[in-house]
Amino acid sequence: MSRENGELSDLYQEVILEHSKAPRNFRKPAEANQHAEGYNPLCGDRCTVYINMDGEAIRDIAFQGSGCAISRASASMMTQILKGKTKAEAAKLFEEFHGLVTGKEAAPETPDLGKLKVFSGVSKFPARVKCATLAWHTLQSALENKDTPTSTE
Amino acid sequence: MTTIVQPVLHDPRLGAAPQSTSDLDLVRIRADFPILAEHINGKPLIYLDNGATSQKPQVVLDAIANYYNHMNANIHRGVHTLSVRATEGHDAARQTVRKFLNAADTREIIFVRGATEAINLVAQTYGRVHVGAGDEVLITAMEHHSNIVPWQILCEEKGAHLKVAPINDRGELMLDEFAKLIGPRTKIVAVTHVSNALGTVVPLRQVIDIAHRSGVPVLVDGAQAVPHFAVDVQALDCDFYAFSGHKVYGPTGIGVLYGKRALLDEMPPYQGGGDMISSVTFAKTTYNDLPFKFEAGTPDIAGAIALGAALEYITGLGMDKIAAHESELLAYATEAVGAIPGIRLIGTAHDRAGVLSFVLDHVHPHDLGTILDREGIAIRTGHHCAQPVMERFGIPATARASFAVYNTKEEVNALVAGIRAAREVFA
């Protein structure tokens, strides 16, 4: 296999294709108490992330929307890995995931990205980084939504 | 790891496309465009994103270099030789544009940054004078954002209303509905000549007749039209015509607004500055004559001259021959791509130019774009700065192949093979 198509199959790994065809947690949970909408104006991809917070813990997380294979798979796998994690753990994972897809060296003390490592191929496709991170940015807004106190200042 | 079926795109066997009946010497034309020799991801470049911007022939690149090597000076200022050369070059470019559009007078040709600036200019000058509270601006449902937003800004400022004439499921303007939307409060119609997202060619003669019967002037966004066929602004009888240089084989940063002289004469200036004045005191400024009234500041002199070179290049090839070649190519591509299982063509107007827009079942346009790019094939994916068009067809995005004079049926074959390979990946 030539180098460039090696990169292509690194991007579209079997796991990613499988999640894009059958995304997990693709639903709107009735008990969600926070949500946010994400939109990539460049490509028209849309993503809504729903979370059910139990204190600091993410009790349930799901998403809906339309987008490319990378963005669907990323959202699907994000919901899988974050269920049961705390807000702080989620933020740390996003940081690591962002480093992974933008090709930055991982710091020694990193949480284990586990299955999310299949997205490492994205770093060879700078135009697709936003696809991979749309769900995560949306998650961040969903988490902050509740956290940001309503203030007149 | 998934197994990706490798399309054999550059196998000579795939090149066995039906012979083009074109009168153009495509081998020679392709040799005029240095960038077409590029390899992308190890594959020969197949450039099918001409609706976004076209590639540039050597004569355009040479015109830019020649200007800076042998002519560079400011125009309309010096008595020295270089200033005279620059001024004459700039004037000659304006004359070339006039001929290209068959305008009556070079004073009707305003150099701007591109079609976007041309439309903003009209909205902010003609529009601000003539559109008031409760008045209406009429556009169509297939406009590019550049022919929507300037009018929204104007309407917001003036308390006016933006009306939108609908399109049918083929992506054609519904002329009856359009006519019904013209009323006593309609102050201007702004319509595209060719839709960038759908390829629809708007029947401008009819549109303009309908508008003129009610005394309403018409601005035409010609950005997607001028590369593909001859445009005659006098035959169209349009009031304003806008286009961008970079989509018609010229450089970025230069474009043209044509306006009927009587309208331009009575319009206030767009921007103030040097070159657009005839005298300035702190008490009063007298504005310069056309076209300089609308060209404040030092213009893109090299850009205008290079645009002139681009227009001379394509008129030299023959606009009718270009139109015939591209029309044959588009028909071929429509049939070949349309025959791929799972393809839905977006924009199936009877009269189309330059653009083939489509969606593919189970393959998002972005994924298709990435897979084709690996094969050296450049297409546009996304909403094409025409979000209302996407909404009309109930889709977030399309893949768009858009053609230029240098494209071939062999390249269409490669596109088809690439799309089929993408289907395999996501099967």
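This report describes a predicted model with chains A and B, moving from chain A to chain B and then to the contact between them.

Residues are numbered from 1 along each chain as its sequence is written, and chains are lettered from A in the order in which they are written. Because the model is predicted, local features need pLDDT of at least 70 and side-chain atom pairs count only at pLDDT 80 or more, while totals for chains, interfaces and linings use all residues.

**Chain A**

Chain A contains 5 helices and 3 strands; helices (H or I, at least four residues) and strands (E, at least two) are DSSP runs, numbered from the N terminus. Read from the N terminus, its elements follow the order α-α-β-β-β-α-α-α. Chain A has 153 residues, of which 38% are buried; a residue is buried if 20 or more other C-beta atoms lie within 10 Å of its own, exposed if 12 or fewer, and partly exposed in between, with C-beta atoms placed from the backbone.

The 3 strands of chain A make an open antiparallel sheet in the order S1-S2-S3. Strand S1 (34-40) and strand S3 (57-66) of chain A are at the edges with a single partner strand each, so one side of each has no neighbour in the sheet. Strand S2 (residues 45-54) of chain A pairs with S3(A) over 9 bridges, where pairing requires that DSSP finds at least two bridges between two strands. Within S3(A), Ile61(A) is opposite Ile51(A). Helix H3 (residues 69-82) of chain A packs on the sheet, touching S2 and S3 of chain A, and its direction makes about 170° with that of S3(A). Axes are lines fitted to C-alpha atoms, for helices over the stretch in contact, and angles run from 0 to 180 degrees between N-to-C directions.

**Chain B**

Chain B is divided into domain 1 (12-48 + 318-425) and domain 2 (60-316), with bounds that come from an automatic or database domain assignment. The centres of the two domains, taken over C-alpha atoms, are 29 Å apart. Their contact involves 26 residues of domain 1 and 24 residues of domain 2; two residues are in contact if their C-beta atoms, placed from the backbone, lie within 7 Å.

The largest nonpolar core has 163 residues, and Val137(B), Ala242(B), Val256(B) and Ala310(B) have the most contacts inside it. Such a core is a set of buried Ala, Val, Leu, Ile, Met, Phe, Trp, Tyr and Cys residues joined through C-beta atoms within 7 Å. Both domains of chain B give residues to this core, so it lies between them.

Ala242(B) belongs to strand S9 (residues 240-244) of chain B. In this strand 5 of the 5 residues are buried, so S9(B) is largely enclosed by the rest of the structure. Phe240(B), Ala242(B) and Ser244(B) point one way from S9(B), and Tyr241(B) and Phe243(B) point the other way. The partners of S9(B) are tabulated below.

| Partner strand | Sense | Bridges | Residue paired with Ala242(B) |
|---|---|---|---|
| S8(B), residues 218-221 | parallel | 3 bridges | Asp221(B) |
| S10(B), residues 255-259 | antiparallel | 5 bridges | Leu257(B) |

**Contact between the chains**

The contact takes 19 residues from chain B and 21 residues from chain A. On the chain B side, helix H12 (residues 365-374) gives the most, with 5 residues. That side has 8 nonpolar, 9 polar and 2 charged residues; Ala, Val, Leu, Ile, Met, Phe, Trp, Tyr, Cys and Pro count as nonpolar, Asp, Glu, Lys and Arg as charged, and the others, Gly among them, as polar.
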